[in-house]
Amino acid sequence: MSQSYDRGLVEDFGRWRDFTAGMWAWIFHKFTGWVLIGYLFTHIAVLSTATVGTAAYTNTISGLESLLVVRFLEVGLLAVAVFHILNGLRLLFVDLGVGLEAQDKSFYASLVLTGAIVVASVPTFLAGAI
């Protein structure tokens, strides 16, 4: 018979403070992957309006582009995609044995580079909506 151990709520919530950069990289990579899968379904739904006709597709796209919230969601999508790509490249190099000692630094570098790319692209995404 096995014994169970009740860790309690304090330990369960306190363990987030003990996560290393590698654990956060794993969590962010999984989260961004799921967000990209969710976006794929939205993308297919919007593209499916083209089966009705070109006017329906054009109206859908112009209607979505006119909404400011959609522009901000596009910036968020860019952030998710860029981080997922950069972290994927980081993981590729780690799997190849390159940069094993600097995994934390490369994770932080991917975060900073993602932030720089997103901040630099905000004026482009919001140009037509404001």
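A pocket is an open set of points on a 1 Å grid over the protein atoms alone, with protein on both sides within 12 Å along at least five of seven lines. Its lining residues have an atom within 4 Å of a point. This is a predicted model, where local features need pLDDT of at least 70, side-chain atom pairs count only at pLDDT 80 or more, and totals for chains, interfaces and linings use all residues. Residues are numbered from 1 along each chain as its sequence is written, and side-chain values use heavy atoms, leaving out hydrogens and water.

**The largest pocket**
- The largest pocket has a volume of about 460 Å³ (the space filled by probe spheres set on the points).
- It is lined by 16 residues. Tyr 39, Thr 42, Leu 64, Val 70 and Glu 74 lie nearest its centre.
- Helices α2, α3 (54-65) and α4 each supply at least two residues of this lining. Helices here are DSSP runs (H or I, at least four residues), numbered from the N terminus.
- The lining has 11 nonpolar residues (Ala, Val, Leu, Ile, Met, Phe, Trp, Tyr, Cys and Pro), 2 charged (Asp, Glu, Lys and Arg) and 3 polar (the others, Gly among them).

**Helices α2 and α4**
- Helix α2 (residues 21-47) packs against helix α4 (residues 68-95) at an angle of about 130°, with the axes 9 Å apart. Axes are lines fitted to C-alpha atoms over the stretch in contact, and angles run from 0 to 180 degrees between N-to-C directions.
- That angle makes α2 oblique to α4 (not under 35 degrees, not over 145 and not 65 to 115).
- Their crossing is left-handed (the near helix is turned anticlockwise from the far one by less than a right angle).
- The contact (heavy atoms within 4.5 Å) includes Phe 28 and Tyr 39 in α2, and Leu 77 and Arg 90 in α4.
- The residues of this contact divide into 10 nonpolar, 6 polar and 1 charged.

**Helices α4 and α5**
- The axes of α4 and helix α5 (residues 103-126) come within 9 Å and cross at roughly 155°.
- That makes α4 roughly antiparallel to α5 (over 145 degrees).
- α4 passes α5 in a right-handed crossing (clockwise).
- The contact of α4 with α5 has 17 nonpolar, 6 polar and 3 charged residues.

Note on methods
On a 1 Å grid over the protein atoms alone, a cavity is a set of points where a 1.4 Å probe fits but cannot get out, and a pocket is an open set with protein on both sides within 12 Å along at least five of seven lines; lining residues have an atom within 4 Å of a point.
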